[in-house]
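Dear colleague,

I am passing on the structure below, together with some notes on what turned up in it. Please read the notes with the coordinates open beside them.

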Amino acid sequence: MSRITDRKQRRNKIKRRSRHQVRGTAGRPRLAVYRSLRHLYAQVIDDEKGVTIASVSTLDKASAGDLSSTGGREAGKRVGELIAERAKSQGVETVVFDRSGFQYHGVIRAIADGAREAGLKF
């Protein structure tokens, strides 16, 4: 196997293992993040109903705006701030953070910090 396949399989294994502990409820939904090479995605999900409450990605013009890179820490901070605003407008104050197998470092940390600064609690 190639190194890239091994990396993807390792991340998926970590994601499956952590998903047993991280569950979103109506009172405390799950903030799931995903990063690709070019873009960042964040969703607030109620796992009991199977409903996405709010979502943001750097594909949106509101979040990508004037950024030089849509996959960097600046974009992560903006995505975190926007997901917090959209979640709060839906009445969500606290969430459970789901990093989807990614290390809590760099862009993933920037998303979490941006959401915290905008008033989301986790």
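I begin with Arg-30, which lies in strand β1. Please keep in mind throughout that this is a predicted model. Arg-30 has a relative accessibility of 7% and therefore counts as buried, the cut-off for that class being under 20%. Although Arg-30 and Val-96 stand 66 residues apart in the sequence, their C-alpha atoms are 4.7 Å apart in space.

The charge of Arg-30 has a partner, since this residue forms a salt bridge with Asp-47 in which the closest N and O atoms are 2.8 Å apart. That pair links distant parts of the chain, with Arg-30 in strand β1 (residues 30–35) and Asp-47, 17 residues away, in the loop between β2 (40–46) and β3 (51–57). Both Arg-30 and Asp-47 are buried.

Two further salt bridges belong to the helix α4, which covers residues 107–117. In one of them Asp-113 pairs with Arg-109, with 3.9 Å between the closest N and O atoms, a value to be read against the limit of 4 Å that the salt-bridge criterion sets. Asp-113 and Arg-109 are 4 residues apart in that helix, which means that about one helical turn separates them. In the other, Arg-116 forms a salt bridge with Asp-113, and here the closest N and O atoms are 3.5 Å apart. Arg-116 and Asp-113 both lie in helix α4 at a separation of 3 residues, again about one turn of the helix. As for solvent exposure, Asp-113 is partly exposed, with a relative accessible area of 27%, Arg-109 counts as partly exposed at 46% relative accessibility, and Arg-116 is partly exposed as well, its relative accessible area being 37%.

Salt bridges that share partners also join Arg-30, Asp-47 and Asp-98 into one network. By the rule applied here, the count of salt bridges comes to 6.

How many helices and strands does the secondary structure of the protein chain come to? There are 4 helices and 4 strands, and from the N terminus on these elements run in the order α-β-β-β-α-α-β-α. As for the overall dimensions, a compact globule of 122 residues would have a radius of gyration near 14 Å, and the protein chain agrees with this because its own value is 14 Å. Taken along the principal axes, the box filled by the C-alpha atoms of the protein chain is roughly 45 × 35 × 20 Å. Of the 122 residues, 39% count as buried.

On the surface there is a patch of positive charge in which Lys-13, Arg-16, Arg-17 and Arg-99 gather. Lys-13 has its place in helix α1, which spans residues 3–19, and at 49% relative accessibility this lysine counts as partly exposed.

Some residues in the loops may also deserve your attention. Ser-100 has a positive phi of about 60° although it is not a glycine, and its place is in the loop between β4 (96–98) and α4. Is Ser-100 buried or exposed? With a relative accessibility of 6%, Ser-100 counts as buried, so you may wish to look at the backbone there with the surrounding residues displayed.

Ala-26 is found in the loop between α1 and β1, where it is partly exposed, with a relative accessible area of 49%. From Ala-26 to Glu-48 the C-alpha to C-alpha distance is 7.1 Å, while the two residues are 22 apart in sequence.

Arg-38, finally, lies in the loop between β1 and β2. This arginine is exposed, its relative accessible area of 65% falling in the class that begins at over 50%. The C-alpha atoms of Arg-38 and Asn-12 are separated by 19 Å, the two residues being 26 apart along the chain.

With best regards

Technical notes. Residues are numbered from 1 along each chain as its sequence is written. This is a predicted model: local features need pLDDT of at least 70, side-chain atom pairs count only at pLDDT 80 or more; totals for chains, interfaces and linings use all residues. Side-chain values use heavy atoms; hydrogens and water are left out. Patches are made of residues with over 30% relative accessible area and no salt bridge: like charges are joined within 9 Å, nonpolar side chains (Val, Leu, Ile, Met, Phe, Trp, Tyr) within 5 Å. Accessible areas come from the Shrake-Rupley method with a 1.4 Å probe; for residues, only the protein chains shown count as cover. A salt bridge is a side-chain nitrogen of Lys or Arg within 4 Å of a carboxyl oxygen of Asp or Glu. Lys and Arg count as positive and Asp and Glu as negative; His and the chain ends are not counted. The place of a charge is taken as NZ of Lys, CZ of Arg, CG of Asp or CD of Glu. Helices (H or I, at least four residues) and strands (E, at least two) are DSSP runs, numbered from the N terminus. Buried means under 20% relative accessible area, exposed over 50%, partly exposed in between (1.4 Å probe, protein chains only). The radius of gyration is taken over C-alpha atoms; the globule rule is 2.2 Å times the number of residues to the power 0.38.
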